[in-house]
There are 2 protein chains.
Amino acid sequence: MSILVVGSVAFDNIATPSGRVENELGGAATYFALAASYFTDVRVVAVVGEDFTAEQEKVFHARGVDIRGIDRAQGKTFRWGGQYLDNLNEAKTDFTELNVFERFQPRIPKEYLDSNFLFLANIHPVLQAAVRLEMDGVRLTGGDTMNYWIQGTRKELLDTLKVVNVLLINDTEVKMLAGDTSLPRAARKVLTLGPQALVVKHGEYGATIFFREGAFGIGSHPFRAPALPIEEVKDPTGAGDSFAGGFMGYIASQGELNREVLKRALFYGGVMGSFAVERFGTTRLQSLTRPEIDARFQVFRELTHLE
Amino acid sequence: MSILVVGSVAFDNIATPSGRVENELGGAATYFALAASYFTDVRVVAVVGEDFTAEQEKVFHARGVDIRGIDRAQGKTFRWGGQYLDNLNEAKTDFTELNVFERFQPRIPKEYLDSNFLFLANIHPVLQAAVRLEMDGVRLTGGDTMNYWIQGTRKELLDTLKVVNVLLINDTEVKMLAGDTSLPRAARKVLTLGPQALVVKHGEYGATIFFREGAFGIGSHPFRAPALPIEEVKDPTGAGDSFAGGFMGYIASQGELNREVLKRALFYGGVMGSFAVERFGTTRLQSLTRPEIDARFQVFRELTHLE
């Protein structure tokens with residue numbers, strides 16, 4: 001099965017207690033694509049500038065990711081600078097230069113139209129909805145968003161949510177979206193807005209998936225996957241996108257969609273997020289092997305498994 | 001098996017988004033004893049004032065808790081007032097009146113000296129150490145502490161930690177005690193200070209137990225128990241003490257101490273914490289049944305169980 005991701009490709013300047021890097025290849029679509037590439041065929045729709053060269057292409061090609069959908073525009077690629085010097089759980093943004101991303105209009109190559117799965121990374125909800133409309137034949141659509149869209153383009157976001165099957169956001173975003181400080185209550189409200197399932201990412205504590213009653217024919221009990229306590233988090237950038245890549249990538253790799261597949265997908269999401277933060281940028285995601293991934297899956301499983 | 005808890009018995013004034021109560025029976029030893037009483041024989045050493053009457057005694061007696069070790073002193077019982085109006089995860093203290101608790105000198109009745117297990121709730125580390133010395137025959141000692149002692153009486157606390165087998169504290173306290181912002185690294189440091197195991201309580205995200213290499217002959221892989229997402233948290237007061245009561249109570253109820261027992265104990269801790277917050281004060285802990293507890297244990301187990 002194949003999965004199409006639409007989102008940002010960027011160059012990041014990142015400072016953490018472990019060091020700093022500049023012009024590091026990043027962006028939600030990049031992290032997602034590399035993480036998902038260990039499970040299934042991945043295609044990317046994004047826009048980059050003239051500073052995106054063969055060096056960056058090589059990173060995608062080495063993982064077999066199809067980047068014919070990455071548009072080359074005049075100007076510079078999206079650039080972001082941020083730091084985690086005081087708090088590894090939350091980035092402090094130093095600068096955001098949208099550059100070519102400001103006028104991003106996703107164009108889907110016709111070779112991508114047969115993609116089985118779709119992931120709408122964190123971009124303007126109107127663009128997300130337009131892509132979703134064009135990819136009408138997909139089996140399942142996952143989506144992300146952020147506080148900026150929840151507060152600034154709420155109406156448009158609510159329209160987009162109607163055509164997203166699985167929404168993946170964090171605790172704060174769920175509560176903000178629902179206007180409710182109780183997570184389970186907020187989750188239930190979000191599940192009335194369109195998605196059949198809601199994945200709440202808890203950072204170092206793992207993630208919980210909530211299901212709408214009757215969704216996927218599998219009942220409504222939530223399921224939680226823990227995260228591995230990581231000794232040294234070098235760079236948290238992209239952890240959430242890598243989680244989404246592991247989650248959606250695993251789902252796309254399976255023939256059918258059932259409760260057990262979604263549960264395992266939640267574990268694989270945590271696994272890919274935990275690898276991502278071990279090195280700066282996408283370094284760790286470029287060099288993994290499937291046995292390494294499955295070994296960590298087993299560690300995660302053992303972490304909460306009772307006889 | 002029997003367990004002795006030494007700690008505070010108090011009257012609390014509590015305000016949460018769900019309402020407010022005054023003169024509610026509380027205190028760490030109270031929550032601990034009621035939670036543990038569903039698993040094993042419990043004995044309490046504490047001090048109360050003249051305002052502690054037959055009404056409060058009845059709460060303990062109804063659960064079969066032995067309170068011959070609760071000392072009656074002249075004056076008023078320890079009183080605390082706090083609110084969770086803005087944040088259910090952290091109490092804002094309105095007032096603390098130590099009253100008779102200020103001169104608390106734990107006196108252990110001779111009938112308690114054969115207790116098999118000991119829990120040192122959150123009191124001055126010098127008092128904790130004195131009790132531990134007197135109860136030299138116990139099989140396992142659990143202990144709690146807080147930021148106040150970590151910062152204010154560090155030297156005394158470090159002495160106490162040498163004679164505590166399992167320390168149960170929260171994320172912030174672990175990092176403060178170790179002076180390290182990485183939880184797994186901080187946990188490893190704490191395990192060099194005395195305890196063979198460290199239980200880190202993550203609030204609504206559950207808890208993780210870290211083991212010193214070779215402790216209890218069971219290896220050093222951590223284990224994590226998730227918490228149930230609770231729809232309506234009425235009153236978070238005592239959640240941590242109820243967790244400790246479930247954890248230690250279950251351990252005391254088992255013949256032997258092994259990895260599987262400790263893992264299940266971590267789940268039972270989460271179960272008792274989740275019940276405690278469903279009603280104000282100890283109300284919910286007074287009226288449980290063992291089948292209700294075991295049913296929730298199964299829900300917790302299912303929450304992360306992969307086929």
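Below is a short chat about the contact between chain A and chain B and about a sheet in each chain of this predicted model.

Q: Let's start with the contact: how many residues come from chain A and from chain B?
A: Chain A puts in 32 residues, and chain B puts in 32 residues.

Q: And what area is buried between chain A and chain B?
A: About 3100 Å², with carbon and sulfur atoms giving 52% of that.

Q: Which residues in chain A lose the most area to chain B?
A: That would be Y205(A), R224(A) and L306(A). Together they make up 26% of what the chain A side buries.

Q: Which elements of chain A give two or more residues to that side?
A: Four helices and a strand turn up: α6 (171-178), α7 (183-190), α9 (259-276) and α11 (290-304), along with β13 (223-225). The largest share comes from α11(A), with five residues.

Q: What's the mix by class on the side of chain A that touches chain B?
A: There are 14 nonpolar, 14 charged and four polar residues there.

Q: OK, how many salt bridges between chain A and chain B?
A: Zero.

Q: And how many residue pairs in polar contact?
A: The count between chain A and chain B is 19 residue pairs, both residues being at pLDDT 80 or more.

Q: Switching topic to the sheet of four strands in chain B: what's the strand order?
A: The order is β3-β2-β6-β7, in an open sheet with mixed pairing.

Q: Why do β3 and β7 of chain B each have one side without a neighbour in the sheet?
A: β3 (19-26) and β7 (92-97) of chain B stand at the edges and have a single partner strand each, so one side of each is left without a neighbour.

Q: How far are neighbouring strands of this sheet turned against each other?
A: By 15° on average, ignoring direction.

Q: Do β2 and β6 of chain B run parallel or antiparallel?
A: Parallel: β2 (residues 10-16) and β6 (residues 78-83) of chain B pair over six bridges. For one position there, I14(B) has G82(B) in β6(B) as its bridge partner.

Q: Over to chain A, then: what's the order in its open sheet of four strands?
A: In chain A the order reads β3-β2-β6-β7, and the pairing is mixed. The edge strands are β3 (19-26) and β7 (92-97) of chain A, each pairing on one side only.

Q: In which sense do β2 and β3 of chain A pair?
A: Antiparallel, with six bridges between β2 (residues 10-16) of chain A and β3(A).

Q: Which residue in β3(A) does A10(A) stand opposite?
A: G26(A).

Key:
Residues are numbered from 1 along each chain as its sequence is written. Chains are lettered from A and ligands numbered from 1 in the order in which they are written. This is a predicted model: local features need pLDDT of at least 70, side-chain atom pairs count only at pLDDT 80 or more; totals for chains, interfaces and linings use all residues. Side-chain values use heavy atoms; hydrogens and water are left out. Contact means heavy atoms within 4.5 Å. Buried area is the accessible area (1.4 Å probe) that two parts lose on being put together, summed over both. A salt bridge is a side-chain nitrogen of Lys or Arg within 4 Å of a carboxyl oxygen of Asp or Glu. A polar contact is a pair of N or O atoms within 3.5 Å; within protein, one must be able to donate a hydrogen and the other to accept it, and residues adjacent in sequence count only if both atoms are side-chain atoms. Ala, Val, Leu, Ile, Met, Phe, Trp, Tyr, Cys and Pro count as nonpolar, Asp, Glu, Lys and Arg as charged, and the others, Gly among them, as polar. Two strands pair if DSSP finds at least two bridges between them. Axes are lines fitted to C-alpha atoms, for helices over the stretch in contact, and angles run from 0 to 180 degrees between N-to-C directions.
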